[in-house]
Amino acid sequence: MTRAQKAKENFLGGLNCSQSVVMAFSDVLDVPEATLKAALLPLGGGMGRLRETCGAVSGAAVTLGLLFAGMGKAEMYALVQELARRFTEKNGAINCGKLLSGAGLAVDTAPTPEARTSDYYRKRPCPELVYDAAQIVEEICRERGRL
């Protein structure tokens with residue numbers, strides 16, 4: 001199973017978008033899983049369901065930061081911008097609200113998350129978005145000799 005597939009499985013198993021991506025790499029991160037889940041919880045739903053930057057993209061950026069610890073600020077920012085460019089190229093945006101509205105969904109910012117039902121999973125683009133974000137992290141790591 002690829003890390004992208006694991007990220008999608010994580011989302012379908014109930015983790016939020018940000019957690020799903022990071023947890024797909026948890027085996028190579030020197031951070032306890034409970035700490036990762038707690039740290040990434042606020043980034044779901046485009047940061048606390050504000051529908052800003054997609055949580056999958058935020059999780060991917062955090063993953064890059066952990067995988068490339070010690071990298072300089074300018075180089076890390078360039079890496080995150082490359083992540084955002086590739087994600088946008090594939091999905092049209094990195095903004096959660098735009099991604100949801102582009103899928104024909106209402107952009108609800110109420111703090112209470114929707115119940116994870118079969119209908120929820122069927123209508124949302126999120127499982128594929130977490131897959132794409134994790135796949136891009138995998139690609140960047142391969143290109144740079146990591147993983």
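In this predicted model, helix α1 meets helix α9 through R3, A4, Q5, A7, K8, F11 and L12 on the α1 side, and through C126, P127, E128, V130, Y131, A134, Q135 and E138 on the α9 side. Sorted by character, the residues of this contact divide into 9 nonpolar, 2 polar and 4 charged. The two helices pack at an angle of about 150°, with their axes 7 Å apart. Because angles over 145 degrees count as roughly antiparallel, that angle makes α1 roughly antiparallel to α9. As for handedness, α1 passes α9 in a right-handed crossing.

Helix α9 also packs against α6. Here the residues L79, L83, R86, F87, K90 and N91 of α6 meet L129, D132, A133, Q135, I136, E139, I140 and E143 of α9, and the residues of this contact divide into 7 nonpolar, 2 polar and 5 charged. The axes of α6 and α9 come within 10 Å and cross at roughly 135°, and the two helices are therefore oblique to each other. Their crossing is right-handed. Q135 of α9 can be found in the contact with α1, and Q135 is likewise listed in the contact with α6.

From α6 the reader can move on to α5. The axes of α5 and α6 come within 10 Å, and they cross at roughly 145°, with α5 passing α6 in a right-handed crossing. On the α5 side the contact is made by V57, A60, A61, L64 and G65, while α6 contributes M76, L79, V80, L83 and F87. The residues of this contact divide into 9 nonpolar and 1 polar, with no charged residue. Among the α6 residues, L79, L83 and F87 take part in this contact with α5, and L79, L83 and F87 also appear in the contact with α9.

These packing pairs lead to the nonpolar core. The largest nonpolar core has 41 residues, and those with the most contacts inside it are L64, F68 and F87. The elements that give two or more residues to this core are α1 (3-12), α2 (17-23), α3 (33-40), α5 (55-67), α6 (73-91), α7 (96-102), α8 (118-123) and α9 (126-143). Of these, α9 gives the most to the core, with 9 residues. For a closer look at one core residue, F87 is a useful choice: leaving aside residues up to four places away in sequence, F87 touches C54, V57, G92, A93, I94, L99, L129, D132, A133 and I136.

The loop between α4 and α5 deserves separate attention, with two arginines to consider. R49 is found in the loop between α4 (44-47) and α5, and R51 is found in the loop between α4 and α5 as well. The cut-off for buried is under 20% relative accessible area; R49, at 9% relative accessibility, therefore counts as buried, and R51 is buried with a relative accessible area of 7%. As for the backbone, R49 has a positive phi of about 60° although it is not a glycine, and R51 has a positive phi of about 65° although it, too, is not a glycine. If residues up to four places away in sequence are not counted, R49 touches G44, D108, T109, A110, P111, T112, P113 and E114.

Two further residues, M47 and K98, can be located from here. M47 has its place in helix α4 and, at 45% relative accessibility, counts as partly exposed. Not counting residues up to four places away in sequence, M47 touches P42 and T53. The C-alpha atoms of M47 and E75, which are 28 residues apart along the chain, are separated by 24 Å. K98 lies in helix α7 and, at 57% relative accessibility, counts as exposed. The C-alpha atoms of K98 and C54, which are 44 residues apart along the chain, are separated by 9.3 Å, and C54 is one of the residues that F87 touches.

Note on methods: Residues numbered from 1 in each chain as written. Predicted model: local features only at pLDDT ≥ 70, side-chain atom pairs only at ≥ 80, totals over all residues. Heavy atoms only, no water. Core = buried A, V, L, I, M, F, W, Y, C linked by side-chain atoms within 4.5 Å. Buried < 20%, exposed > 50% of the residue type's maximum accessible area, 1.4 Å probe, protein only. Helix = DSSP H or I, 4+ residues; strand = E, 2+ residues; numbered from the N terminus. Contact = heavy atoms within 4.5 Å. Axes fitted to C-alpha atoms, helices over the stretch in contact; angles between N-to-C directions. Parallel < 35°, antiparallel > 145°, perpendicular 65-115°, else oblique. Left-handed = near helix turned anticlockwise from the far one by under 90°. Nonpolar A, V, L, I, M, F, W, Y, C, P; charged D, E, K, R; others polar.
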